[in-house]
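Reader: I'd like a close look at the aromatic ring pairs in this one, and at what sits around them. Could you walk me through that part and then place it in the rest of the chain?

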Amino acid sequence: MMNDTPAKETSAVVETEKLSRVFELKGETIHALKEVDLIVKRGEFTAVAGPSGSGKSTLLNLIGALDTPTGGAIRVEGRELSGMNGTQLAEMRRDRIGFIFQSYNLIPVLTVLENVEYVMLLQGVGDAERRARSLEVLEEVGLGGLERRKPSELSGGQQQRVAVARAIVSGPSIVLADEPTANLDSANGASLLDTMARMNKQRGVTFIFSTHDAMVMERARRLVRLHDGEIESDETRTA
């Protein structure tokens, strides 16, 4: 049973220990992750790279409590995810983890402002504070003045910026970005990465990307390469 006492402060936002995930598909056993040990510290800007089937999206889904491991452990801010019930996992996803998906996942009937406010609405943040924080972060991602538009009135690059704003506005410990540039051209992809790098430095937001995009790999300050579900290399850049 999970201990509800706050975890002690640690520089590690994410820790995995012998993390494994096995899928059964049409009678075949697929080892998507094989005993992966990984520590991501607060404020890192990390890309998890590898070809299709390497396990990178599986790793992000496990860290984000969207999937359950077959073996091993995951701790987010020192809390073991396997010790949490469904309600606690939902609260962890709502309060401590921001998500950015390659398909944007915006709510089409809501305005830009309402999409950004949505997580804070679930958190019970008051109207005035919710609006002020949302407008501030929309300015930061270059969307000031577009808050009344619907997602369908925006370009792909603008929609992904709304997704970035939504992911960071509630102050999560970590933002997980699954192939965030996959549906963008190179110019929009580069601009989006510049925005996220600025959020990382100015707000101290910890980012973990899954990617096969060379541009993301080049801009990441830490590059973890996966191959067949195992860490092949782990490189941290000083510059």
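Author: Here is a walk through the ring pairs, followed by some spots elsewhere in the chain.

Keep in mind that this is a predicted model. First, a bit of setting. The protein chain has 7 helices and 10 strands. For 239 residues, a compact globule would have a radius of gyration near 18 Å, and the protein chain comes out at 18 Å, which agrees. Along the principal axes, the C-alpha atoms fill a box of roughly 50 × 45 × 40 Å. Of the 239 residues, 47% count as buried. If you take the contacts with a separation of 6 or more, 71% of them are between residues 24 or more positions apart.

Now to the rings. A pair of aromatic rings is described by the distance of the centres and the angle of the planes. The count of aromatic pairs here is 4. Take Phe99 and Phe101: their ring centres lie 5.9 Å apart with the planes at 5°, so this pair is stacked. It helps to know that planes under 30 degrees apart count as stacked. The two partners fall on either side of the burial cut-off, which is 20% relative accessible area. Phe99 is buried, at 16% relative accessible area, whereas Phe101, at 25%, is partly exposed.

Then there is Phe207 with Phe209. Their ring centres are 5.8 Å apart and the planes meet at 10°, so this pair is stacked too. Here both partners are buried: Phe207 has 0% relative accessibility and Phe209 has 1%. Phe207 and Phe209 also belong to a cluster, in which ring pairs link them with Phe45.

What else touches the Phe99 stretch? Ala163 is a good way in. Ala163 lies in helix H5 and is buried, with a relative accessible area of 0%. Setting aside neighbours within four places in sequence, Ala163 is in contact with Phe99, Ile100, Tyr104 and Leu106. So one partner of the Phe99 and Phe101 stack is also a contact of Ala163. As for Ser103, its C-alpha atom is 9.6 Å from that of Ala163, with the two positions 60 residues apart along the chain.

Helix H5 turns up again when you look at helix H3. H3 runs over residues 112–123, and its buried residues are Val112, Leu113, Asn115, Val116, Glu117, Val119 and Met120. An α-helix has 3.6 residues a turn, so residues three or four places apart point the same way. With that in mind, have a look at Val112, Asn115, Val116, Val119 and Met120, which are among the buried residues of H3. The cover over the buried residues of H3 includes helix H5 (156–169), along with helix H2 (86–96) and helix H4 (127–140). Right after H3 comes Gly124, with a positive phi near 85°.

That brings us to the backbone. Most residues other than glycine have a negative phi, and most peptide bonds are trans. Against that background, two residues are worth a stop. Ala65 is not a glycine, yet its phi is positive, about 60°. You'll find Ala65 in the loop between helix H1 (56–63) and strand S4 (71–76), and Ala65 is buried, at 10% relative accessible area. Asp228 is the other stop, a residue other than glycine with a positive phi near 50°. Asp228 sits in the loop between strand S9 (222–227) and strand S10 (230–236). Unlike Ala65, which is buried, Asp228 is partly exposed, at 44% relative accessibility.

The stretch around Ala65 is also a good place to meet Arg21. Arg21 lies in strand S1, which covers residues 12–25, and counts as buried at 16% relative accessibility. Not counting residues up to four places away in sequence, Arg21 touches Ile30, His31, Ala32, Leu33, Thr58, Leu62, Asp67, Thr68, Pro69 and Thr70. With Leu62, the C-alpha to C-alpha distance is 8.8 Å, for 41 residues of separation in sequence.

Last, a word on charge and surface. There are 29 positive and 34 negative side chains in the protein chain, and the centres of the two sets are 3 Å apart. The accessible surface is about 11,600 Å², and carbon and sulfur atoms account for 48% of that.

Conventions:
Residues numbered from 1 in each chain as written. Predicted model: local features only at pLDDT ≥ 70, side-chain atom pairs only at ≥ 80, totals over all residues. Heavy atoms only, no water. Helix = DSSP H or I, 4+ residues; strand = E, 2+ residues; numbered from the N terminus. Rg over C-alpha atoms; globule rule 2.2 N^0.38 Å. Buried < 20%, exposed > 50% of the residue type's maximum accessible area, 1.4 Å probe, protein only. Contact = heavy atoms within 4.5 Å. Areas by Shrake-Rupley, 256 points an atom, 1.4 Å probe, with all protein chains shown as cover. Lys, Arg positive; Asp, Glu negative; His and termini not counted. Charge placed at Lys NZ, Arg CZ, Asp CG, Glu CD. Phe/Tyr/Trp six-rings, centres within 6.5 Å; stacked < 30°, edge-to-face > 60°.
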